[in-house]
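Hi everyone, thanks for coming. I'd like to walk you through a structure that may be new to most of you, so please have a look at the screen.

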Amino acid sequence: AIRCHPLHPLGWLVRARFHLLMHGASDTALSDIRHTYKLAPRETWVMKIRAGILVSMRSSLGSTDRDHLIRDIVGLIDAGAHQAAIHIVRNTEREFQHDIAARVAALPFQTQRYYESAALQVGIDVSKLSIPRAASDGNR
């Protein structure tokens, strides 16, 4: 698929998932994932798949790849794909959830509220993750 359509991110995502399943977290899987950032940096369907793959590798990610994962999850939230983001985040450690919450704080207020509501539905209390708020947020 990659030879026929090297500019389509799905082939790279499938190959990354294959390498992950066959060999665990590997440089090849990460390289394929990184390639998709060049091809489709903000496409929601790509961010869902990419974040799903990366979150399963998060213990072996370097800081740049971890930052890309967080940006993808926050990108999903910003695009209104709250349930997809929550599905990815729900079984992660509290520190990771805090990093997501800190980035969500930069999104519009209403987007933050939608994410908090979706998170509460699966037992993630975002208010306990200390999302920094601007002083004016309390009046909205």
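I'll start with the overall fold, then go to the core, and finish with two helix pairs.

One thing to keep in mind: this is a predicted model. The protein chain has 7 helices and 0 strands. If you read along the sequence, the pattern is simply α-α-α-α-α-α-α. The chain has 140 residues, and 44% of them count as buried. Now take the contacts between residues at least 6 apart in sequence: 63% of these join residues at least 24 apart.

Let's move inside. The largest nonpolar core holds 38 residues, and the ones that touch the most other members are Leu69, Ile73, Ile77, Ile100 and Tyr115. Which helices supply at least two residues each to this core? Going along the chain, they are H1 (9-23), H2 (27-39), H3 (44-56), H4 (63-78), H5 (82-89), H6 (94-104) and H7 (109-121).

Let me pick out one of those core residues, isoleucine 73. Leaving aside residues up to four places away in sequence, Ile73 touches Ala51, Ala85, Ile88, Val89, Phe96 and Ile100.

Now for the helix pairs, beginning with H4 and H6. Their axes lie 10 Å apart, and the packing angle is about 55 degrees. Because of that angle, H4 is oblique to H6. Their crossing is right-handed. Who meets whom here? On the H4 side we have Arg66, Asp67, Leu69, Ile70, Arg71, Ile73, Val74 and Ile77, and on the H6 side Glu95, Phe96, Asp99, Ile100, Arg103 and Val104. Sorted by type, the residues in this contact are 8 nonpolar, no polar and 6 charged.

The other pair is H3 with H4. Here the axes are 9 Å apart and the angle is about 135 degrees. Is that parallel, antiparallel, perpendicular or oblique? An angle has to be over 145 degrees to count as roughly antiparallel, so H3 is oblique to H4. As for handedness, H3 passes H4 in a left-handed crossing. From H3, the residues taking part are Thr44, Met47, Lys48, Arg50, Ala51, Leu54 and Val55, and they meet Asp65, Leu69, Asp72, Ile73, Gly75 and Leu76 in H4. This contact divides into 7 nonpolar, 2 polar and 4 charged residues.

One last thing to look for on the screen: Leu69 and Ile73 are on the H4 side of the contact with H6, and both also appear in the contact with H3. Thanks for listening!

Technical notes: Residues are numbered from 1 along each chain as its sequence is written. This is a predicted model: local features need pLDDT of at least 70, side-chain atom pairs count only at pLDDT 80 or more; totals for chains, interfaces and linings use all residues. Side-chain values use heavy atoms; hydrogens and water are left out. A nonpolar core is a set of buried Ala, Val, Leu, Ile, Met, Phe, Trp, Tyr and Cys residues joined through side-chain atoms within 4.5 Å. Buried means under 20% relative accessible area, exposed over 50%, partly exposed in between (1.4 Å probe, protein chains only). Helices (H or I, at least four residues) and strands (E, at least two) are DSSP runs, numbered from the N terminus. Contact means heavy atoms within 4.5 Å. Axes are lines fitted to C-alpha atoms, for helices over the stretch in contact, and angles run from 0 to 180 degrees between N-to-C directions. Angles under 35 degrees count as roughly parallel, over 145 as roughly antiparallel, 65 to 115 as roughly perpendicular and the rest as oblique. A crossing is left-handed if the near helix is turned anticlockwise from the far one by less than a right angle, and right-handed if clockwise. Ala, Val, Leu, Ile, Met, Phe, Trp, Tyr, Cys and Pro count as nonpolar, Asp, Glu, Lys and Arg as charged, and the others, Gly among them, as polar.
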